[in-house]
Amino acid sequence: MATVMREACSRSRRFDFYTWMAVTCMLVAFVGFIPTYWMPMARGFVNPYPVVHLHAFAFFSWTLFFIVQASLVPSGRVALHRSVGLAGIALGTLLVVMGLLASLDLLRNGFMAHGQAAGGESFLTDPLAGIATFAVFFTLAIRNIRRPDRHKRYMLLAMISVLNAPIARPLVVWVWPLHGAPPSWIYIPSAWLSYILIVVAMIYDWRTSGRPHKIYMVALPVLLIVAAATVPLSHTALWHAFARHFAELAGPLPGQS
């Protein structure tokens, strides 16, 4: 009986860790958008493009949903966790769609409309890289629903993969004040800072089970490489051609007949 109790307590602590990681991700997301979203709104400026607010609503809804889902398991409500997870699939899909629409809006209305087409096209690598990595990890999490040890780690990786956006905001406002389109290299420090949370999860695995989970061991170097690859990619003619075609999804570009 004592052994069973110790194992139950160990499982509870393990799942509690993921709840706290979810809370940490939510706080990073909220604080990161203070200089570019919350502060302007507090001063009376409201972005005129609805897609920006819809994207913000979807993103913060996801962070709250992530906390709720992570907290259901340690409280013993696994069945509810699985039932609500069906809504999570729809919400995660919406997050990808809104991320693409927000990227399109930023490129056209944020950069191209103000004569910063080249910089905007280069910077497009940053949001699309975050969206792509989120989609990959989210899909893997869905495929591993019946394997909790993998599912929860893929979900955490999916959440962390979109934290580069809120982390980048304070960097370009307070650390490296910029005018015009941010450089594509900003993805490297912002993404790598978010990956500290992966290191924390690896340390937790090492302390509780003797070694980091292989999912983290594979995902971390891949994510580091992807982040570094965005810079050379953003300067290629092929990428700029792709970015212009991407922008044309919303109609003819400024200056086109």
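In which helix is the place of His151? His151 lies in helix 7, an element to which several of the following views of this predicted model return.

**View 1. Surroundings of His151 in helix 7.** The relative accessibility of His151 is 17%, and the residue therefore counts as buried, the limit for that class being under 20%. When residues up to four places away in sequence are not counted, His151 touches His81, Ala141, Asn144 and Ile145.

**View 2. Helix 7 and its enclosure by the rest of the structure.** Of the 14 residues of helix 7, twelve are buried, so the helix is largely enclosed by the remainder of the structure. The buried residues include Arg150, His151, Lys152 and Arg153. Also among them are Tyr154, Met155, Leu156, Leu157, Ala158, Met159, Ile160 and Ser161. With 1.5 Å allowed per residue, a helix of 14 residues should span 20 Å, and the end C-alpha atoms of helix 7 are 20 Å apart, in agreement with that expectation.

**View 3. The salt bridge between Arg153 and Asp205.** The side chains of Arg153 and Asp205 meet with an N to O distance of 2.9 Å. This pair links distant parts of the chain, since Arg153 belongs to helix 7 (residues 148-161) and Asp205 to helix 10 (residues 196-209), with their positions 52 residues apart in sequence. Both partners are withdrawn from the solvent probe: Arg153 is buried, at a relative accessible area of 6%, and Asp205 is buried, at 2%.

**View 4. The salt bridge between Glu121 and Arg244.** A search of the whole structure finds two salt bridges, and this view presents the one formed by Glu121 with Arg244, whose closest N and O atoms are 3.4 Å apart. The two residues connect distant parts of the chain: Glu121 is in helix 5 (residues 117-123), Arg244 is in helix 12 (residues 237-247), and they are 123 residues apart. Glu121 counts as buried because its relative accessibility is 5%. Arg244, by contrast, has a relative accessibility of 37% and counts as partly exposed.

**View 5. The largest nonpolar core.** This core has 70 residues, and Trp62, Leu156 and Ile198 are those with the most contacts inside it. Helix 3 (residues 50-72) gives the most to the core, contributing ten residues. Leu156 is also one of the buried residues of helix 7. Neighbours within four places in sequence being left aside, Ile198 is in contact with Leu157, Ile160, Tyr216, Leu220 and Leu223. Of these partners, Leu157 and Ile160 are among the buried residues of helix 7.

**View 6. A nonpolar patch on the surface.** The patch is formed by Val173, Trp174, Val175, Trp176, Leu178 and Trp185, which together have about 560 Å² of accessible area. Leu178 is placed in the loop between helix 8 (164-175) and helix 9 (187-194). Its relative accessibility is 33%, so Leu178 counts as partly exposed.

**View 7. Gly115 in a loop between two helices.** Gly115 is found in the loop between helix 4 (78-111) and helix 5. With a relative accessible area of 69%, Gly115 is exposed, because that class begins over 50%. Gly115 and Thr24 are separated by 91 residues in sequence and, C-alpha to C-alpha, by 38 Å in space.

Definitions and conventions:
Residues numbered from 1 in each chain as written. Predicted model: local features only at pLDDT ≥ 70, side-chain atom pairs only at ≥ 80, totals over all residues. Heavy atoms only, no water. Salt bridge = Lys/Arg side-chain N within 4 Å of Asp/Glu carboxyl O. Helix = DSSP H or I, 4+ residues; strand = E, 2+ residues; numbered from the N terminus. Buried < 20%, exposed > 50% of the residue type's maximum accessible area, 1.4 Å probe, protein only. Expected span 1.5 Å × (residues − 1). Core = buried A, V, L, I, M, F, W, Y, C linked by side-chain atoms within 4.5 Å. Contact = heavy atoms within 4.5 Å. Patch = residues over 30% accessible without salt bridge, like charges linked within 9 Å, V, L, I, M, F, W, Y side chains within 5 Å. Areas by Shrake-Rupley, 256 points an atom, 1.4 Å probe, with all protein chains shown as cover.
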